[in-house]
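Trainee: Could you take a close look at one loop in this model and walk me through its backbone and its exposure?

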Amino acid sequence: MSTSNILQVPFRRTHATQLSDAIKVQIGNKFDQHPDLFTRDLEIVDQLRKDAVNALEPHSSGIKKLQAYAAQLVWLGGKFPVDMGANFTWYPSLGYDTNRSHTENNIRFELANVLFNLAAMYSQIGLASNRATQDGLKSAANSFCFAAGVFHHLKENVIPDMKTAPPEDMDTVTLEALEALMLAQAQECFWQKAVKDGMKDAIIAKLAAKVSDLYSDANEWSLKTNNIRSEWIHHMNAKHHHFAAAAQYRAACDCLEKRKYGEEVARLRDSLNCVNIAMNESKWVSKLVLADLNGLKNRVSEDFKRAEKDNDTIYLIPEPPKSELRPLDRASMVQSRVPKEVSNSQEMLGEKSELGKPLFSKLVPYAVHVAASIYSDRRDRLVNNTIIAELDALTLRIHELLSSLNLPGSLQALEKPLGLPPALASHADEVRQFGGVHRLHSTIADTEKLKSNNRALYQEGIDLLRTEASEDEAARRKYGTDRWARPAGSEAGKKLYDQISAIDGWLKAADTTDRTVLNRLRENESLIRLLGGSNRDLEDYVPSSRRATMTAKVEREANALRATLNEVSRLESRRRKKVEALRVKVKEDDVQPELRAESNKLEREFPMMPIQASQFESLFDERLKMYDVDQSSLKTEEREQDVLLQRVKDANQSFQNAKRGDSSSKEREEALQNLENAYTAYKEIMKNLEVGRKFYNDLSGITMKFRDECRSFFAQRRSEASNLESDVSDALAGLQLQQTTQASLLQERAAEAASRRGSVQPHPPEDAIPAPIPQRVSAQPPPVANVQSPVHAVPANQTWNENMPIVFGGGSGAAQGKAAQTWDPSKGLQFAKK
């Protein structure tokens, strides 16, 4: 029972927990940064918790400690998942079972408990204030309003975001009761201050009426929950009627001042009734509350006697019934006030703030890493598939056209009929520098290893899923679908099974591409090998043509064609530089700073909302606009190329027309053109092999993750199957035992029934007594004592058992003859005497 006339909320208790351990694991598993980078922050967060949970004395320093830790918990809630791996254990402080702990792996559960203790701290500071002074009353009222505000914030903003059921003494009804109680006690402080200040009775009556209402609200909420002790409920009920009486008393004093004597008597009568109702709680309230009630009762009783006597003897004004009394007005001086350190905690975190700097501020949330990966994938698809792929397609069109026109082979054969053309020699040097055919086969071998590794990982996952499915099906056939009622693996692991077709499709598509590349290599391998050989081998392959004398027209057309081909070469060179510049642009495109800035903004605006990658979509769209200029240049590039290729066609046509009839360099043209085509094929194969190797490298991460998830799924399903099989086996064993027991009982009952039937049928005696023939007796039967029944001789003192026949024995003086006698019904019955 409380020793004060107001109540305080007790603190919740907890165990020591190293929050830093869970944070280390989270950083190590979910982030790209090492936990050692945050050693100081880890020490601070543990110290903050230690200070907060040990702040159990009503002092302002405890408020700062609780606020600082709560602010950091809100901040951490935006960086780490709710179930961060720390098990927080707290004990309730209300109700009847305060020794039953509640443990949750939930950082918001920890925040809820810390804020509850903050509200309790405000309530205890309010109780500890010196309410005998004006300043003490103001301080107490403020503390109770802050306590109510924290309870309100807890109810509206924290508990709904816990994602789990709240603790029993932090449900909505209990928090409503506590908020109303704190507001009632704050209003009581203003009433007490008004009394001390000697304010008018009408004002004091309004204040007291509001106090009564708030206590009534608190009492009504308390009756709806099992977490408020009966002592508190009696206290609040007593307070409700106490202040209802005080309000009517002050209203009566106001009526006396206004000479409303009849209404004065009515209000004093109602005040006395309210006091008497409150006195019914005298067994359960504190001595101070009872003393307040007795003091009010004495005062109201004296005034009621005086007022009733004066009115009956002097004023003679009729006393109105209670139903006609005007309801008292209310003057509310309180409201739930949430401290700014709680409502705006994230804005107040800083280097010089009392709440301290935000911990782990340099730790990039996991969602930011995911968002950066999504942006990189989207950017790479845009650049590679939309821009670079289009440019490569345009370049391929150039090579296809030149190959179809036997360019530049036909022109080189005419310009240099002997030896190797400079362009061909340059291409051969480039092939040698890249490693020639050996480089191609080495790359293919490396790619095959990656491919085999991917297939092995994929196949391992498939085998695990098949094994799990077969084991599940075998158990289902063994125990039946009724007992083996868990879903099949294809349903339980639908995401895994969906990945099967996706990965299989990627591997099949890659196989098709690989075969195309190998066929291309086989078609050109001999010529590529020739290009990677010596110049002497090339000279032997390229036949020399007789030096023909070029006419002025042929020379003019040849120069025009050469100039056009040089423009094509410059176009390709410019395009290669453009692609390289675009790749550098992509490489320098670091979205991390903007993501971190946006993440920090979101963390401050929505501290309890976890950061998700989808929240950065607008940032992605805005940032990808930097590649719009590259996309728009594709159309210009295509138009310029079309014009240039048409000029190539026209110049080649004019060149062919000018040298028509000259077949001296035909073989040389074909050889040079074949080598030129082989060089182009070599570059395409190299590019395709690099793309393939990158594809299989990227795919290995997917297949490895698939394999690991299949392992986890397989282990989980096998564990579930083992537990389920154990349960089913126990159930079957119990059923079998029950059936065995039933069968055994049935056998015992059958044997017992058979035994009973055997005992009822006597063994046939040596001299059987014939069954009596029923016949009507004409005379009155003689007395029973005159009847003797024929019996067999039975040994004296022999105990009858169930295997013996039932016989009637004669008296002690009767004859013990063995001859059978027939009973005569007319002679009656006679029982033997012992």
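**A loop up close**

Mentor: N406 counts as partly exposed, because its relative accessibility is 38% (buried is under 20% relative accessible area, exposed over 50%, and partly exposed lies in between, using a 1.4 Å probe and protein chains only). Before going on, please keep in mind that this is a predicted model, where local features need pLDDT of at least 70, side-chain atom pairs count only at pLDDT 80 or more, and totals for chains, interfaces and linings use all residues. Residues are numbered from 1 along each chain as its sequence is written, and side-chain values use heavy atoms, leaving out hydrogens and water.

N406 sits in the loop between α13 and α14 (helices are DSSP runs of H or I with at least four residues, strands are E runs of at least two, and numbering starts at the N terminus). Although N406 is not a glycine, its phi is positive, at about 55°. In that loop, which links α13 (366-404) to α14 (409-415), you will also find P408. The peptide bond joining L407 and P408 is cis, with omega about 5°.

For a second loop residue to set beside N406, try R259, in the loop between α8 (230-257) and α9 (261-279). R259 is another non-glycine residue with a positive phi, near 65°. With a relative accessible area of 63%, R259 is exposed.

As for the wider setting, the protein has 24 helices and three strands, and 42% of its 834 residues count as buried.
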